[in-house]
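Got your viewer open and a selection box ready? Let's walk through this one stop by stop.

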Amino acid sequence: MNNEILRSIRSHLAASAPHDAREQVSRRLTQINADPISVNLRQSAAELFRLNLEAVNGHCVIAQGETEIARALTQIIVRGQRIAISDNPLVERLMHLTDLEIEALTIAPNDIFSYDVGISTVQAAIAETGTLVLVSADERHRLVSLVPPVHIAIVDASRICETLAEALTLLRNGRELSRAVTFITGPSRTADIELTLTVGVHGPQELYVIVNG
Amino acid sequence: MSSLTSETFRENAKAALADAQLRGALKNATSLFGERRREAAASLPNWEALRTQARAIKDEVLLHLDRYLEEFVRNAESCGAKVHWARDAAQANSIICGLATERQARIVVKSKSMTTEETHLNDALEAAGMQVVETDLGEYIIQLAGETPSHIIAPAIHKTRGQVAELFTTELGMPPTDDIAQMTHTARLTLRDHFAAADVGISGVNFGVAETGTIVIVENEGNIRLTTSLPRVHIAVMGIEKVIPHFADLDIFLKLLVRSGTGQRLSTYQSFITGVKKQQSDEGPEELHIVLLDNGRSRMLAHPVTRQSLACIRCGACLNACPVYQQIGGHAYGSVYQGPIGAVITPQLMGIEKTSQLPYASTLCGACREVCPVKIDIPRLLLHLRSEIAPRKGSIVERLAFKVWARMMMSPTLYKLSSVAGRIFQRATPISRAWTNDRDLRPIESKSFHDLWNE
C-alpha cells in the first residue's frame, strides 16, 4: 500500500525522530494483573452474572433443564404476543414444549417492528459485567435480540466466563472472528433528556436471561 | 447556537456565563459524570496500570501508524469490507456522497459520530439531495432544533425536558407531556420509520483492530446496532488514529473508555463488525465501507508532544473535570471537539489562525491530565500551542513588559528599587479594576524578605 496519507504519516514520523530521541516515549508494555472486578470466590460465575445483570435493569432466571426453561418462558411471555425466534434448534424445541405460537423474525423484513418478543440463545456470557455475547456465525439472532421490545436470551451456565478478558480470548481463540459479534449488557438505555435514565429507547425495553444449570 | 465559531471564544464564553439554565444543566452533567467516573475507576484496583498500559499501546501504534493501518486495511478487506482513504473533510464527504448517490440512496440514518461532525457530512449529504436522520436521541433532538452538541456524551444536555417536549409536539405531533419516557417512546417510533426506509447507515468507529480488521462501536441506546444492521449499506467513518493492534487489547480500552465516559462497567452494546456477511441469507448489510480520515491527523505525528493528541479515545472525562468547561459548556468553543481536548485538537486540525483563543481557555490546573484514561498531558500540549501562538499573536505590551521584568530580575539594585516602587504604586494606582472588583489584592508587605534578613 502506498498512498498520500501513508506517505504523510511516514514523513511526519521521520520528522519526529530527533524530538523522540529527547523525549522518554513509554514504549515498554507493562504486565497487568487481570484482577476480576468482583473478587468473591464463594460466588459462582452464574450468581455473579445474575447480580451484575440485575444491577443494569436486566432480569435473570435460573432454570434446570428444558422443562424448567420452557416453564420460565411461559411465565415471561403474555399469551397473544407476537414471538420471533432465532434459528437455534434449542429455541424451537423449547417453544414446542410451551404451547405458544412462534414466527421467525426474518420472514417479513418490512414487518420486523411488529413483534413483541424475541427469543434466542447466546454463545457466552461475562459474569463480572452481566454481559451476553452473541456470535453471528453460530446463530441468526442479530435482529431478534434488537428489534422487539422484549428479548429473552438462554445461556448455559457452563458458558459464563468470569471476565471480559476471558470472553475476548474465547472469541479469538484459534478461529476466525465471526463477522458480527455483539455484547449486550442490560436493556437499551438513554439519559439524553435531563440526564434521566430511561430504559428501552431503540433496543429492547426488557431483557430476560434464563441461565440453564 | 450553531453559528458560534472559535474566533469569538471570549464573547461566546461571556454569553454562556450569563445563561443560568445552561450553567445549571452543566453543573448537573459534569458533576454526575465526574462522580460516576471516580467511583468506576476506584472499583478497579489496577486502574493506574490500565492507564499506563493503554498509553503504551497507543504510543506503539502511533510510532508505527503506517504499518498498523496497512495491517488493519488488509484484514478488513480480506473479510469483504472496502476501505477508502480520505485526506481531508472534503474528500471524505465526496467519497461518502458518491457511495450513497451511486446506490440511489434517499434516506440515510446516522449514529453519533464526532468524525462526521468534524467533516460536516450532514450538510454535504443534504446538498446531494439526501435526507439525513441522526438516530442517537440527543443528536436527534438537536438536529430537530437545528443546534449543535454541547457535550460529547450528552449532546442535548443544554435543553430542558420542557423544550424537548415542545420540539417533539411541534415537529413530530406528540401530545403535550412532561414525561421523559413518553418523549423517548415518541422518538423510538418516529426513528423506526426512518430505520425501515433507510438505504444507507453511517456510523463512527471507536476502535479498529489491526490483527482482525474489526471495527468496534460502543453505545447504550441500540441505534448504532439498528444503523449497522438494517440498511443494505453500512459506511463507517474512522479517524486514522483509531487503530489498536490486538483484539485482546479491547479488554483494556473498553474498560477505560466506558468507565471514563459514563462510569458504567460496560456500555449496553458493543458491536464488533468484521467485514460483511458471508451469504445472502445472513443478517446484516451487504456492503461495508470504511472511510479512513486523515484531515490533519498525520501532521500531529511530527512531534511527540502533539502526537499524544492522537491517543485520545473520546471519552469526555476531561470535559467533565475542567473548571472552564464546567462553567461555559461546549458551544462556546465553537468547534466539534470541546473542553480541554478540544482546545488542543481543534487548533491542530483547523489551523491556529482561527482558533488561537482556544489554548488559552484553560487555567492549566491539570485536572484533565489527572482523569485522562490514556494519560495525555493536555496542559503541556496547551503550553506547546501557546508557544506557537505567542510569537505571532502576543501583544507588544506583554513582550515589552517581560523584557523589562527580565532586566530588573538580573540587577539587584533595580530589583530593590522595583519593590519599593511597587509598594508606593500599588496604593496610588487602581490597577486591574477587573481583578479587584471581585477580589481583594493583598498589599505588598512594608518590609521585604531581604530587609528582614538584613535586620
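One yardstick before we click on anything: a residue is called buried if 20 or more other C-beta atoms lie within 10 Å of its own, exposed if 12 or fewer, and partly exposed in between. Also keep in mind that this is a predicted model.

**Stop 1: a loop in chain A.** Select Asp138(A), in the loop between strand S6 (131-135) and strand S7 (150-156) of chain A. Buried, exposed or partly exposed? Asp138(A) has 14 other C-beta atoms within 10 Å, so it is partly exposed. Now add Tyr115(A) and put a distance label on the pair: the two residues are 23 residues apart in sequence, and their C-alpha atoms are 23 Å apart in space.

**Stop 2: where the chains meet.** Show both chains and colour the contacts. On the chain B side 79 residues take part, in contact with 61 residues of chain A. Which element of chain B gives the largest share of its side? That is helix H3 (residues 47-63) of chain B, with 10 residues. Sorted by type, the chain B side holds 38 nonpolar, 22 polar and 19 charged residues.

Stay with the two chains and pick strand S9 (residues 180-184) of chain A together with strand S9 (residues 269-273) of chain B. These strands pair across the chains in the antiparallel sense, over 5 bridges. To see one position up close, select Thr182(A), which stands opposite Ser271(B) in S9(B).

**Stop 3: the sheet of chain B.** Hide chain A and switch to cartoon. You should find an open sheet of 6 strands with parallel pairing, in the order S1-S10-S7-S4-S2-S3 (chain B). At the edges are strand S1 (82-86) and strand S3 (131-134) of chain B, each pairing on one side only. From one strand to the next, the twist averages 20°.

Next, bring up helix H5 (residues 89-102) of chain B, which packs on the sheet and touches S1, strand S2 (107-110), S4, S7 and S10 of chain B. The direction of H5 makes about 170° with that of S10(B).

For a look at one pairing inside the sheet, zoom in on strand S4 (residues 200-203) and strand S7 (residues 233-239) of chain B: they pair in the parallel sense over 4 bridges. Val200(B) has Val233(B) in S7(B) as its bridge partner.

**Stop 4: a covered helix.** Select helix H16 (residues 339-350) of chain B. Why is a span of 16 Å what you should expect here? At 1.5 Å a residue, the 12 residues of this helix should span 16 Å, and the end C-alpha atoms are indeed 16 Å apart. H16(B) is mostly covered, with 10 of its 12 residues buried. Among those are Gly339(B), Ile341(B), Val344(B) and Leu349(B). Show the surroundings too: the buried residues pack against helix H14 (317-321), helix H15 (323-328), helix H17 (367-371) and helix H18 (378-393) of chain B. Just after H16(B) comes Gly351(B), with a positive phi near 90°.

**Stop 5: two backbone oddities.** Carry on to Leu364(B), in the loop between H16 and H17 of chain B. Its phi is positive, about 60°, although Leu364(B) is not a glycine. With 15 C-beta neighbours inside 10 Å, Leu364(B) counts as partly exposed.

Finish at Asn295(B), in the loop between strand S10 (287-293) and helix H13 (304-307) of chain B. Asn295(B) is not a glycine either, and has a positive phi of about 50°. Asn295(B) has 21 C-beta neighbours inside 10 Å, so it counts as buried.

Key. Residues numbered from 1 in each chain as written. Chains lettered and ligands numbered in written order. Predicted model: local features only at pLDDT ≥ 70, side-chain atom pairs only at ≥ 80, totals over all residues. Expected span 1.5 Å × (residues − 1). Contact = placed C-beta atoms within 7 Å. Nonpolar A, V, L, I, M, F, W, Y, C, P; charged D, E, K, R; others polar. Pairing = 2+ DSSP bridges. Axes fitted to C-alpha atoms, helices over the stretch in contact; angles between N-to-C directions.
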